[in-house]
Amino acid sequence: AEAYGEIKRKTALVNIGLYAIILMIIYGTGLYDLLIRFNGEEGANAIIDFSYYQFIYNSNVAQLFHNRMINQATFSNVIHASHWFSDFFNKKMSEDKNIALKNEWLKKCVEMYKTQKIVVTLSSDGSNNDCYVQNCDLAEQGHAKSQKNCNIIAYMWVIDVATGLPLTYYVTFGSMPDCKAIQAVLASLKAVGLEIETLVLDRNFATHAFISKCNELKIPYVINLKSNSFAHNEMLNDYAEQILWDPDYALKNGLLAGISDKKQIFKDHPEEGYIHLYYHYIHGNKRRATLFQKIVQEYQYLLDQCAKGIVPIIKSEFCQYFTIEQHGNIVEIKVNKPAIFEKIKNTGFDSLVTSKPYTPEEANEKFHTKDTSEKMYYTIKSQLGGGTTRVHSTESLLNKMFVCFIATIIRSYIANAAKRVNRDASIAISELNKLHCTLLPNSEYAFIDSISELQQSLLEQFNI
């Protein structure tokens, strides 16, 4: 109102709970000052409004913004229409400013960690969304997470695993592998002097080039290895039978067996790492049973076809177990039992590679901090509308991803507050959004004090 004059819209009620919380977050973190610095007051307010629209209504569709936000207290003095946001995302925001702001945000985080003497453990992962953009330079064919045959864009968030706070993000071509995309992120982290205790990553990053880059930059890592990797198979050959059902190799929870050794990581490269082999007694046995069931079903199908006088076609995934022999009108199925036994024997195992000599217990605990980034991607796709992008240009796409980044920052603070009172973030958002002011006959608003115990405890997390 100070920038744009009196707010003229009057609705019967205005939800104010989330507005108050977000106000505390963006002022307390300095995020609002950064948004104003790079986007001006009007742009900053619009970005904040669209951010919290995303996590209230689990949508990033601008066409729905006006109708759904009409009863929300907003930072803008008007409820913008969809065409206003289309113009804003396409013409008024700038990727140069987005990058400058995210770099300043990263610097703020680094200063906070230095002040608090925190050495941070980071998790990162890559994902992609279906991109129905008419003119986008980044949209390409790739391995779509949705399994749909469509163009995608790839993106990557870097998360502090202790707090779930997003530090930075990266959007790139849909066909770019995660292990290449993250190198730009690593360069940013090193440029601002962020001291990283561990970088926790999934198997998409288990490449020689990426691990060599981490070693070059002296960034410690915990990475899941692919099942066909040289180090994983070396560990299987040396230890698979040894650790099964032996209490000496059981981890504390009794559900995992584990062993560690220093091994060559990749067959064609000499560098070594600390390899940790695991077997999960429940999930591992389930994976074995599932595999055996599929093999048996394929075998029964092949026999059934032969009985009907039909020469069956073996699916490619089962060619190592079965062959077809034909003698005149007789068709036989030959079973390669040693191959089946060997495959089942090696199923259910997983391996990690680490740059430090952790125990199996320590490496496993480090790796499972990655759950933080997995929750973040689930949030982006299911609660921030990030599963699909429908805009009309590369500029709009990049700007909407930037707004999504801002939304994840704000939501992470709400999620941490909810966690401290033993609630899920979605429940906290819903409860806070129930707090409202009612329009009185004299055209003034009054807050009706009917705050629940949960709402009060959430407000207190932000000193309200």
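Trainee: Where does His80 lie in this structure?

Mentor: This is a predicted model, by the way, so keep that in mind as we go. To place a residue, look at the elements on either side of it. His80 lies in a loop, the one between α3 (65-69) and α4 (82-92).

Trainee: Is His80 buried or exposed?

Mentor: For that you read the relative accessible area, and under 20% means buried. His80 has 8% relative accessibility, so it counts as buried.

Trainee: Which residues does His80 touch, leaving out those up to four places away in sequence?

Mentor: Look for partners from other parts of the chain. His80 touches Ala46, Phe65, His66 and Phe85.

Trainee: Okay, let's zoom out. How many helices and strands does the protein have?

Mentor: Count each kind of element along the chain. Here you get 15 helices and 15 strands. For the overall dimensions, the C-alpha trace spans about 95 × 55 × 45 Å along its principal axes.

Trainee: What percentage of the residues count as buried?

Mentor: Of the 464 residues in the protein, 50% are buried. You can also look at the outside: about 22600 Å² is exposed, and carbon and sulfur atoms supply 51% of that area.

Trainee: How do I read contacts for the whole protein? What share comes from residues 24 or more positions apart?

Mentor: You ask how far apart in sequence the touching residues are. Taking contacts with a separation of 6 or more, 67% are between residues 24 or more positions apart.

Trainee: And charges? How many positive and negative side chains are there?

Mentor: Count each set, then compare where their centres fall. The protein has 47 positive and 49 negative side chains, with the two centres 2 Å apart.

Trainee: Now for a helix. How far apart are the end C-alpha atoms of α2?

Mentor: The trick is to set the end-to-end distance against that of a straight helix. Helix α2 covers residues 31-57, and its end C-alpha atoms are only 22 Å apart, while a straight helix of its 27 residues would reach 39 Å.

Trainee: Where does α2 bend?

Mentor: Look at Gly40, where α2 bends by about 120°. As for cover, 20 of the 27 residues in α2 are buried. Right after the helix comes Asn58, with a positive phi near 55°.

Trainee: Let's try a strand. Which strand holds Val222?

Mentor: Val222 sits in β7, which runs over residues 221-224. Its relative accessibility is 0%, so Val222 counts as buried.

Trainee: What is Val222 in contact with, beyond its neighbours within four places in sequence?

Mentor: Scan the list for stretches of chain. The contacts of Val222 include Thr198, Leu199, Val200 and Leu201, and also Leu352, Val353 and Thr354. Sequence distance and space distance are separate readings: Val222 and Glu197 are 25 residues apart in sequence and 11 Å apart in space, C-alpha to C-alpha.

Trainee: How far apart are the C-alpha atoms of Phe405 and Asp449?

Mentor: Those two are 44 residues apart along the chain, and their C-alpha atoms are separated by 34 Å. Phe405 itself is in helix α13 (residues 394-420).

Trainee: Why does Phe405 count as buried?

Mentor: Because its relative accessible area is 0%. Residues touching Phe405 from beyond four places in sequence include Lys102, Trp105 and Trp157.

Trainee: One last case: where is Gln455 found?

Mentor: Gln455 is in helix α15 (residues 453-460). With 5% relative accessibility, Gln455 counts as buried. Leaving out residues up to four places away, Gln455 touches Glu431, Lys434, Leu435 and Ser450.

Methods:
Residues are numbered from 1 along each chain as its sequence is written. This is a predicted model: local features need pLDDT of at least 70, side-chain atom pairs count only at pLDDT 80 or more; totals for chains, interfaces and linings use all residues. Side-chain values use heavy atoms; hydrogens and water are left out. Helices (H or I, at least four residues) and strands (E, at least two) are DSSP runs, numbered from the N terminus. Buried means under 20% relative accessible area, exposed over 50%, partly exposed in between (1.4 Å probe, protein chains only). Contact means heavy atoms within 4.5 Å. Accessible areas come from the Shrake-Rupley method with a 1.4 Å probe; for residues, only the protein chains shown count as cover. Lys and Arg count as positive and Asp and Glu as negative; His and the chain ends are not counted. The place of a charge is taken as NZ of Lys, CZ of Arg, CG of Asp or CD of Glu. The expected span of a helix is 1.5 Å times one less than its number of residues. The bend at a residue is the angle between axes fitted to the seven residues ending there and the seven starting there.
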